[in-house]
Amino acid sequence: MSLPGPPPADLRVRLLAAAPLELYVPASHPLAGVGRATLSQLAVFPFIDSPPGFGNRLLVDQAFAAAGVEREVTLEIADIGMAASFIRAGLGIGFLSHFLVKENAGLDTVQIA
């Protein structure tokens, strides 16, 4: 279970793992090799993400909302493990935990400023 914030008071949880989200782009993308980008700079590109309500989607949506920036999610996939393949194919960019990316070939990461 992925929680975008503190658990509800009546839910007992135990942390099993924590992994930061990283922005992945195709190796041929204009942001590949730039190192860092702002959320405003990212907003002009199409995103691949989970459907609304998924924990990772909530976190990213909250970050963009807090920055006052809108982004467009052009491809929603319930199996977020498939996102790296879609990003590699150039269908969009996306935030993923590193453990979901089995092979970095054809991908680059961008730090968020």
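Me: How does the span of H2 compare with what its twelve residues should give at 1.5 Å a residue?
Reply: The expected span is 16 Å and the end C-alpha atoms of H2 lie 17 Å apart, which agrees. That expectation is 1.5 Å times one less than the number of residues in the helix. Helices (H or I, at least four residues) and strands (E, at least two) are DSSP runs, numbered from the N terminus.

Me: What kind of model is this, and how are residues numbered?
Reply: This is a predicted model, in which local features need pLDDT of at least 70 and side-chain atom pairs count only at pLDDT 80 or more, while totals for chains, interfaces and linings use all residues. Residues are numbered from 1 along each chain as its sequence is written, and side-chain values use heavy atoms, with hydrogens and water left out.

Me: Which residues of H2 are buried?
Reply: Gly55, Asn56, Arg57, Val60 and Phe64 are buried in H2. Buried means under 20% relative accessible area, exposed over 50%, and partly exposed in between (1.4 Å probe, protein chains only).

Me: What covers them?
Reply: The cover of the buried residues of H2 includes E1, helix H1 (39-42), strand E3 (46-49), strand E4 (72-76) and E5.

Me: Why is Asn56 classed as buried?
Reply: Asn56 is classed as buried because its relative accessible area is 14%. Asn56 lies in helix H2, residues 55-66. Leaving aside residues up to four places away in sequence, Asn56 touches Ser2, Leu21, Asp49, Ser50 and Ile80; contact means heavy atoms within 4.5 Å.

Me: Which residue stands opposite Leu21 in E5?
Reply: Ser97 in E5 stands opposite Leu21. Strand E1 (residues 21-26) and strand E5 (residues 94-97) run antiparallel and are joined by four bridges. Two strands pair if DSSP finds at least two bridges between them.

Me: How many bridges join E1 to E6?
Reply: Four bridges join E1 to strand E6 (residues 107-112), and these strands run antiparallel. Leu23 is opposite Val110 in E6.

Me: Changing topic: is His29 buried or exposed?
Reply: His29 is buried, with a relative accessible area of 14%. His29 sits in the loop between E1 and E2, and its contacts are Phe45 and Ile93, not counting residues up to four places away in sequence.

Me: And Pro30, buried or exposed?
Reply: Pro30 is exposed, at a relative accessible area of 62%. Pro30 is in the loop between E1 and strand E2 (36-37). The C-alpha atoms of Pro30 and Phe45 are separated by 9.9 Å, and the two residues are 15 residues apart along the chain.
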